[in-house]
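Got the viewer open? Grab the mouse and follow along, one selection at a time.

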Amino acid sequence: MRLVVPLQGVAQGRGGLLLGSLIPCALFYFLQLYLKRRRSPSDPSPPSSSSSNQPGMTRHSSLSNLLSRGPLRISSLATSIAKPDDSPYYMGLDRASGDPYHRIANPDGVIQLGLSENRLCFDLIEKWTSENLRDWVMGREGGDLSISGIATYQPSDGTMKLKMAMAGFMSRVIGRDVSYEPSQMVLTAGVTPAIETLCFCLADHGNAFLVPTPYYPSFDRDMKWRTGVELIPVHCRSKDNFVLSISALDQAFNQTRKRETKIRGILLSNPANPVGNLLSRKMLEALLKFAEEKNIHIVSDEIFAGSIYGEKEFVSIAEIVGSEDFDKNRVHIVYGLSKDLFLPGVRVGMIYSFNENVLAAARKLTRFSSVSAPTQRLLVSMLSDTRFIVEYIQTNKKRIRDMRDLFVAGLEELGIKCTDSRSSLYCWADMRNLIPTYGEKGELELWEKLLNVGKINLTPGSACHCIEPGWFRCCFTTLDKDDVRVVMGRIRKVVGSHTSCG
């Protein structure tokens, strides 16, 4: 009381405001001074800017703890994805993109034959774009510029206008009065997310898909990275022109089941990538019966359906299930515009399914891979131009056929033969007589020599899980006629002319 009462009186008198503020501050200061003097000598001193340079000073404990924690961790999934690519497919692509061949600017660069890209009709795309830019921006009806259809939210699975345009384009590509229902389409930003989305919809982590070999190397990324599914190779052989057989499929199915791995479906490439052959109507019917018997799905990748330039007809699995009494719910098709219409940078793919549950799930998953609104407006305008589409399809097929004939003839002069195929943007070349030793090691030695000495990037069969070493995929639609002569000269430089293998 002796302390409190006098202070209260002072605070209430003249100058009380000033003293009422100073006295508590002074008491707090003296209390801090008293506690500081009572502190144990063993207590560490506060760190100073010069403490790190003074001998005998102890480091701050938090810094020591920080150093002992090690590097900052990321997820195991990200760690596995971030590892350098060890597949010759990706190594070759990286090498070619880092030192690309150009007839004038870089004549000693790497010629890219490992990328399935069609540049033969780029002039037609460029011409259409320049002539229709105004219609694309403002709409074919003209009028004032409006961005309401571009800047606002659009359905993540694609607008109905684009789905209708895609259905018309696909019907024109397939022919034979095959029709597609726009409501059964889900649009994605490329075929890669379309295939991955189907994996999420059809399989759980650890489940498997049967895939005929040789198959597209990127399936190992596209289907496995995030979904955790397995791919089971179904080996096809050269004596059968690498055509799938039901017996090989059944054998792979049974062997996988013995490992207690659940098989959820079959992934088909039709036309086949990298071989280029086609599945016959009879084989498609047998595959549908097999899928019904095993109660599994079928995913048919038909991205090269419009790049057929031979006498054999292309049969879509959609045509089979539409005309025969098969269970449609297990059939799913993927397609895109990167090959048949040379628009890989536009990034437009599609899931076509007869299964309503799959469609419902896929529509929600497209939130992560939707096509941009400006892209959709551009494609609606382009795909709706019937005159342009008809001219493009006809011209494209002729140019692919002519380039294929020129390229294959050049290989034959070097004693290198290719499988008999008349579809897609590549040929499947037999270089078994050119590898130094029979086996994957010998195949990769030839691949490295072609890449490092010949400056040509091909895709070796081992990257496609081909069971027979010595086969290579050669993509020829990135070339022009003068480039073909350069390619053949570089191959001759590396391996010489092996007429004996013909």
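Accessible areas here come from the Shrake-Rupley method with a 1.4 Å probe, and for residues only the protein chains shown count as cover. With that in mind, show the whole chain as a surface: about 26,500 Å² is exposed, and carbon and sulfur atoms supply 53% of it.

Before zooming in, a word on the model. It is predicted, so to speak of a local feature takes pLDDT of at least 70, side-chain atom pairs count only at pLDDT 80 or more, and totals for chains, interfaces and linings use all residues. Residues are numbered from 1 along each chain as its sequence is written, and side-chain values use heavy atoms, with hydrogens and water left out.

**The whole chain**

Switch to cartoon. You should find 18 helices and 13 strands; helices (H or I, at least four residues) and strands (E, at least two) are DSSP runs, numbered from the N terminus. Of the 502 residues in the chain, 47% are buried. Buried means under 20% relative accessible area, exposed means over 50%, and partly exposed is in between (1.4 Å probe, protein chains only). Now think about contacts, meaning heavy atoms within 4.5 Å. Among contacts in the chain with a separation of 6 or more, 75% are between residues 24 or more positions apart.

**Stop one: two helices side by side**

Select α5 (residues 88-98) and α17 (residues 440-452). Their axes come within 11 Å and cross at roughly 5°. Axes are lines fitted to C-alpha atoms, for helices over the stretch in contact, and angles run from 0 to 180 degrees between N-to-C directions. Angles under 35 degrees count as roughly parallel, over 145 as roughly antiparallel, 65 to 115 as roughly perpendicular and the rest as oblique. So α5 and α17 are roughly parallel to each other.

Show side chains where they meet: Pro 88, Met 91, Gly 92 and Arg 95 from α5, and Leu 444, Trp 447, Leu 451 and Asn 452 from α17. These contact residues split into five nonpolar, two polar and one charged. For that sorting, Ala, Val, Leu, Ile, Met, Phe, Trp, Tyr, Cys and Pro count as nonpolar, Asp, Glu, Lys and Arg as charged, and the others, Gly among them, as polar.

**Stop two: Ser 307**

Go to the loop between β6 (297-301) and α13 (317-323), where Ser 307 is found. Is Ser 307 buried or exposed? Ser 307 counts as buried, because its relative accessibility is 0%. Its side chain is joined to that of Asp 340 by a polar contact of 2.7 Å. A polar contact is a pair of N or O atoms within 3.5 Å; within protein, one must be able to donate a hydrogen and the other to accept it, and residues adjacent in sequence count only if both atoms are side-chain atoms. Leaving out residues up to four places away in sequence, Ser 307 also touches others, including Lys 339, Asn 396, Ile 400 and Leu 425.

**Stop three: around β8**

Select Gly 349, in strand β8 (residues 349-353). Gly 349 is buried, with a relative accessible area of 0%. Beyond neighbours within four places in sequence, the contacts of Gly 349 include Val 186, Leu 187, Thr 188, Tyr 335 and Gly 336.

Next pick Gln 184, in the loop between α8 (160-174) and β2 (185-188). Gln 184 is buried, at 18% relative accessible area. What does the side chain of Gln 184 make a polar contact with? The partner is the side chain of Tyr 352, at 3.3 Å. Sequence neighbours within four places aside, Gln 184 is in contact with Ile 351, Tyr 352, Ser 353, Phe 354 and Leu 359.

Then click Arg 347, in the loop between β7 (331-336) and β8. Arg 347 has a positive phi of about 60° although it is not a glycine, and it counts as partly exposed at 38% relative accessibility.

**Stop four: some backbone details**

Another positive phi, near 65°, belongs to His 465, a residue other than glycine. Look for His 465 in the loop between β12 (459-460) and β13 (471-475).

For cis peptide bonds, try Thr 213 and Pro 214, where omega is about -5°; Pro 214 lies in the loop between β3 (208-212) and α10 (219-222). The bond from Asn 270 to Pro 271 is cis as well, with omega near 0°.

**Last stop: Val 390**

Finish in helix α16 (residues 386-413), the place of Val 390. Draw a C-alpha to C-alpha distance from Val 390 to Arg 172: they are 218 residues apart in sequence and 8.2 Å apart in space.
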